[in-house]
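Biologist: Before we talk about this model, could you show it to me, and then let me ask how each label you use is justified?
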Amino acid sequence: MRILFIGDIFGRPGRNIVKDRLPSLVKAHSIDLIIANGENSAAGFGITPQLAEELFELGIDVLTSGNHIWDKREIIDFFQMADGNPNSPSRRLLRPANYAPDLPGYGVYEGRKGEIGYAVINLQGRVFMPSNDDPFRKTDQLLKDMQSKVILVDIHAEATSEKISLGWYLDGKVTAVVGTHTHVPTADERVLPNGTAYITDVGMTGPFDGVIGVKKELVVGKFLNNMPVRFEAASGDVRLCAVVIDCDEKTGRARSIERVMVGERG
Ligand SMILES: [Fe+2]
Ligand SMILES: [Fe+2]
């Protein structure tokens, strides 16, 4: 099975590049399953039900998220629409699994792509992030009653050390551990010794002519004077950052992980 995981989709520029480039990426890399982090889809802050549905219509199978998931209040009702139907769009949008258990939404999705069962687990780190439950032990708990062999984990976190530690901790237990949230791709993709594909951060799908997606003058100004400022999405140098993971669907072991970056410049 070949999986495409797309890093944080940021605003309209991010959504547009996914729309434009996804068909050719799927073809070029013989992709079977598409997962994307959509936490910044709505002008950089959160995701609306309509935007989630538009992204699913492009062929994305599961959307993960992170700390921005509650930015658009209507997403709470959307989560509550998931009525046990595993194919409903609202069930295929995840929030981190290690949030307080009584919150709306789900942190894990188990589905099928043709004959192949797969699972996606969304987690959030605890270093330099809002507090939430332990992502390490939460994953152990989730893996106990998991049927799927092919399991992808999105660790949405700030600290490289926390993400690398989770990669080692889950090596041999899941197919892939991919990092999101920093919006900056890292060059450390590899398959760990027991068969888990790993990358610290996939990077952002959005405008790079800014500061992690936001207009650069606003963020530079914020660093200079620390005055309150309303962040707006940047627009130039739009790129799509992703990874392609090839795995053996019978064992769930990864064979390879490849970094992908496409944009206006190629
Ligand atoms: Fe993000
Ligand atoms: Fe984030």
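Modeller: Here it is, and please keep in mind that this is a predicted model. A good place to begin is the iron ion (ligand 1), whose donor residues follow the spacing D-x30-E-N-x142-H in sequence.

Biologist: Which residues are the protein donors of the iron ion (ligand 1), and how do you know that they count as donors?

Modeller: They are Asp 8 (OD), Glu 39 (OE), Asn 40 (OD1) and His 183 (NE2), and these atoms lie 2.1 to 2.2 Å from the ion. The cut-off for a donor is 2.8 Å from the metal, so the four atoms, at 2.1 to 2.2 Å, qualify.

Biologist: What makes the arrangement of the four donor atoms around the iron ion (ligand 1) irregular?

Modeller: The angles they subtend run from 88 to 162°. A tetrahedral label needs all angles between 85 and 135 degrees, and because the range reaches 162°, that label does not apply and the arrangement is called irregular.

Biologist: Which residue coordinates both the iron ion (ligand 1) and the iron ion (ligand 2)?

Modeller: Glu 39 coordinates both, and the two ions are 3.5 Å apart.

Biologist: Why is Asn 40 called buried?

Modeller: Its relative accessibility is 1%, and the label buried is given under 20%, so Asn 40 falls within it. His 183 is buried as well. Asn 40 lies in the loop between β2 and α2, and, leaving aside residues up to four places away in sequence, its contacts include Asp 8, Phe 45, His 68 and His 183.

Biologist: What makes you say that strand β5 (residues 116–124) is mostly covered?

Modeller: Nine of its nine residues are buried, and this holds on both faces, with Tyr 118 and Val 120 among the buried residues on one side and Ala 119 and Leu 123 among those on the other.

Biologist: How do you know that β5 pairs with strand β4 (residues 108–113) and with strand β6 (residues 150–156)?

Modeller: Pairing requires at least two bridges between the strands. Six bridges join β4 to β5, which run antiparallel, and seven join β5 to β6, which run parallel, so both pairs meet the requirement. As examples, Glu 110 has Ala 119 as its bridge partner in β5, while Ile 121 stands opposite Val 153 in β6.

Biologist: Finally, why does the radius of gyration of the chain agree with a compact globule?

Modeller: For 266 residues a compact globule would have a radius of gyration near 18 Å, and the chain has 17 Å, so the two values agree.

Conventions
Residues numbered from 1 in each chain as written. Chains lettered and ligands numbered in written order. Predicted model: local features only at pLDDT ≥ 70, side-chain atom pairs only at ≥ 80, totals over all residues. Heavy atoms only, no water. Donors = N, O, S within 2.8 Å, 3.2 Å for Na, K, Ca; no water. Tetrahedral: all angles 85-135°; square planar, octahedral: opposite > 155°, others 65-115°. Buried < 20%, exposed > 50% of the residue type's maximum accessible area, 1.4 Å probe, protein only. Helix = DSSP H or I, 4+ residues; strand = E, 2+ residues; numbered from the N terminus. Contact = heavy atoms within 4.5 Å. Rg over C-alpha atoms; globule rule 2.2 N^0.38 Å.
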